[in-house]
Structure formats: structure tokens, C-alpha cells
Amino acid sequence: MRPPEKAGIDPDIVYVTSLFTYGWKAVKEAVTFYRRQHPKALFVLGGIYASLLSDHAAEEIRPDVIWKGIIPEVEDLLPDYSLIEGWTASLVFSSRGCIRRCPFCAVPILEPDFEAKPSVKHLVLPEHKSIILLDNNFLASSYSGKILNELAELRNSKKYRYKIDFNQGIDARLITSDVALALAKLNIPLIRLAYDSIVQKEAVGQAIKLLTNAGIRKRNILVYVMFNYMDTPDDFFCRIKHLFDWGVVVYPMRYQPLDALEKDSYVAPEWTPELLEMVADARRVLGVNGTWPPYEGLKRKFLNAKDLFIALELRAQKGVVV
């Protein structure tokens, strides 16, 4: 339920989750609304915002209980998908945590210990059409090969091939030829990687090569490119050019601090608000759903530009911005 929807029952406990820290105002709205409806209920607030900024949540929202991190007791329970009309995807965590300790990432705080399941079959409903894996680093699991085989078996066990979505992306540094071949056997509409730093150039380039050699189309490979962190505009520009040269889809991703209370309020030392706005405009005007596909015209625009400013420049032509 989302406010202002009435529950239709009088609960003893109301659990409220939260997403990114800069979405805290919507969380406050939800808690305030349901508190008025159920003043005697115990309110428990969890999720990302509550875990990262518990002091802020305690002061601004004032739940009865703040829950940090995950709830281990529910990790192997099937969600009640009937609560969402028309939902057709099984949501699965085959692992929690990540072996990387990236300073820009919330995972080491939210899920400090890396733990993996040996199987996920019990978490997949046969009537669903897709399986969404939400692992932060799927390939870091010692069971990842076994689970890839499981997913292939599940695909072959029903007439409708499950679509597989590694929603949080796959660690390019852990992709081998065997992993690429196993992924190619699945029905994966989009494979997501990340190119967060220029030092990852070799690993990302090799991963793309292995995936394409296994038969995965470059247009089906999307790479997140973080910017506005510790990088410079030139560094960001170089990474974009590498990806266009490799022929994959580019997804510019603006860095947001872990304690951000307003989205897009942070400007890194090497960046300016004007340049960040240029990236946002170019994503909107030149891209598709925030991405820059490797269309020939778009590739030439970036690969032939001498710097990021020129690559992002939009010119007016006959009343249309191009």
C-alpha cells in the first residue's frame, strides 16, 4: 500500500521500508499517513535510508523501531506476489553482500558479510515469466556456476523460456570464457556491467570480448559509467569513448553520496553544475531511456570530439535541439 490508501484492517505492527536516502520525504509521508490511521500500532522502519541515516530517520520520522540491514529470517521465504496485481517475475537473492569494498557503495554497510545460497530453485514460481536476481555480486559466489546451470535447467523445464535479469549487474572482473558461455545459454535480454574507474579498462574490455565471443550481441550489453565522484571530466570522457569504440550501450550514472538528502545536490571538486547539467541534457536528448546506444551518429559525435564539452554540445537546427 502507498499513501493515501487505507489498509482496510487495524494492524498491531506496520512495517515501512525505505529506498535511497534522498527519498526520505516520501517515507515520512507514508509513516505520517498510516500513523494517523493506526495510532496504536507499532511502526518499524527499515531499508536503505533507515540503515544509512538512522539518526536522521529517528529525528525526522520517529518510528518506534529502526531496523538496520536485512532480516535473516525471511531470506528463504517466498514473497506474496498476489499483493501486486499482474506481477510475473520471481525476485531472487542467491547471495548477499559483495567481496568488493568500494567506498562509494552502500553494500558494505547494508550487507557487510558475503553469504551465498547453493540453490535458488525453491524461490522461483513456475508460473512466472522471468527471474530477477538481485545479487550485488552474483559471480563472487562459489555456487554461481551451479546456479547458472540451475537457471538453464529451469529454462528448459517449461515451454516459456524464463527471461533472466541480473538486475544489479555482473562484475566484469569475474567474467571468464566459461561464465560467458553459461550466460549465453540463458534468455538474458540485457547484461549489465560497470566501468567505474579508468583502471578497470582492461577488465571491462576483456569481459565484453568474452561475452561477444560467446554469442551475446553488443547491443545487449549495457555498461554503467559513474561520474561526479573522484573522476575528472576527461576521465569520464575517455571511458565513454572506450565503450563506444567497443560498440556497447553506455549508461552515464551520476554519483550520489551515501548521506545525500537531496538528489543531484552533490558536485564533485573536478565538476561544475553546468557540466553536470550538460550530461543530463545529453542523456535526455541524445539517449534512449537515459542510455547512449552505440548508434553510428552518436558514436561519431563522441569519438570525433576533442573533449567532453564538445561531445555533449547540443545545437539547435530548424527549431529542434540535436
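Q: In this predicted model, how many bridges join β1 to strand β2 (residues 42-45)?
A: The two strands run parallel. One of the pairings puts I13 opposite L42 in β2. Counting bridges between β1 and β2 gives four.

Q: Which strands stand at the edges of the open sheet with the order β1-β2-β3?
A: This open sheet has three strands with parallel pairing. An edge strand here has a single partner strand, so one side of it is left without a neighbour in the sheet. That description fits β1 (13-16) and β3 (65-66).

Q: How many residues of strand β10 (residues 221-227) are buried?
A: Take the strand one face at a time: I221, V223, V225 and F227 point one way, and L222, Y224 and M226 point the other way. Both sets are buried. That leaves β10 mostly covered, and the count is seven of its seven residues.

Q: What is the bridge partner of L193 in β10?
A: Strand β9 (residues 191-194) pairs with β10 in the parallel sense, over four bridges. Within that pairing, L193 is matched with a β10 residue that is itself buried. The partner is V223.

Q: Is N228 buried or exposed?
A: N228 is found in the loop between β10 and α8 (233-246). Its phi is positive, about 70 degrees, although N228 is not a glycine. Most residues other than glycine have a negative phi. As for cover, the relative accessible area of N228 is 0%, and under 20% counts as buried, so N228 is buried.

Q: What is the relative accessible area of D264?
A: D264 is another non-glycine residue with a positive phi, in this case about 60 degrees. Its place is in the loop between β11 (249-254) and α9. D264 comes out as partly exposed, with a value of 36%.

Q: Which residues is S130 in contact with, leaving aside its neighbours within four places in sequence?
A: S130 is found in strand β7 (residues 130-133). With a relative accessible area of 16%, S130 is buried. Once those sequence neighbours are set aside, the contacts are T88, A89, S90, Y162 and K163.

Q: What separates the C-alpha atoms of A280 and L190?
A: A280 sits in helix α9 (residues 273-286) and is partly exposed, at a relative accessible area of 31%. Along the chain, A280 and L190 are 90 residues apart. In space, their C-alpha atoms are separated by 23 Å.

Q: What radius of gyration does the chain have?
A: The C-alpha atoms fill a box of roughly 65 × 50 × 40 Å along the principal axes. For 322 residues, a compact globule would have a radius of gyration near 20 Å. The chain agrees with that, at 22 Å.

Q: Among contacts between residues at least 6 apart in sequence, what share joins residues at least 24 apart?
A: The secondary structure of the chain comes to 11 helices and 13 strands. Buried residues make up 46% of the 322 residues. For the contacts in question, the share is 72%.

Q: How far apart are the mean positions of the positive and negative charges?
A: The chain exposes about 17,700 Å², with carbon and sulfur atoms supplying 53% of it. Turning to charge, there are 41 positive and 39 negative ones. Their mean positions are apart by 8 Å.

Terms used. Residues are numbered from 1 along each chain as its sequence is written. This is a predicted model: local features need pLDDT of at least 70, side-chain atom pairs count only at pLDDT 80 or more; totals for chains, interfaces and linings use all residues. Side-chain values use heavy atoms; hydrogens and water are left out. The radius of gyration is taken over C-alpha atoms; the globule rule is 2.2 Å times the number of residues to the power 0.38. Buried means under 20% relative accessible area, exposed over 50%, partly exposed in between (1.4 Å probe, protein chains only). Contact means heavy atoms within 4.5 Å. Accessible areas come from the Shrake-Rupley method with a 1.4 Å probe; for residues, only the protein chains shown count as cover. Lys and Arg count as positive and Asp and Glu as negative; His and the chain ends are not counted. The place of a charge is taken as NZ of Lys, CZ of Arg, CG of Asp or CD of Glu. Two strands pair if DSSP finds at least two bridges between them.
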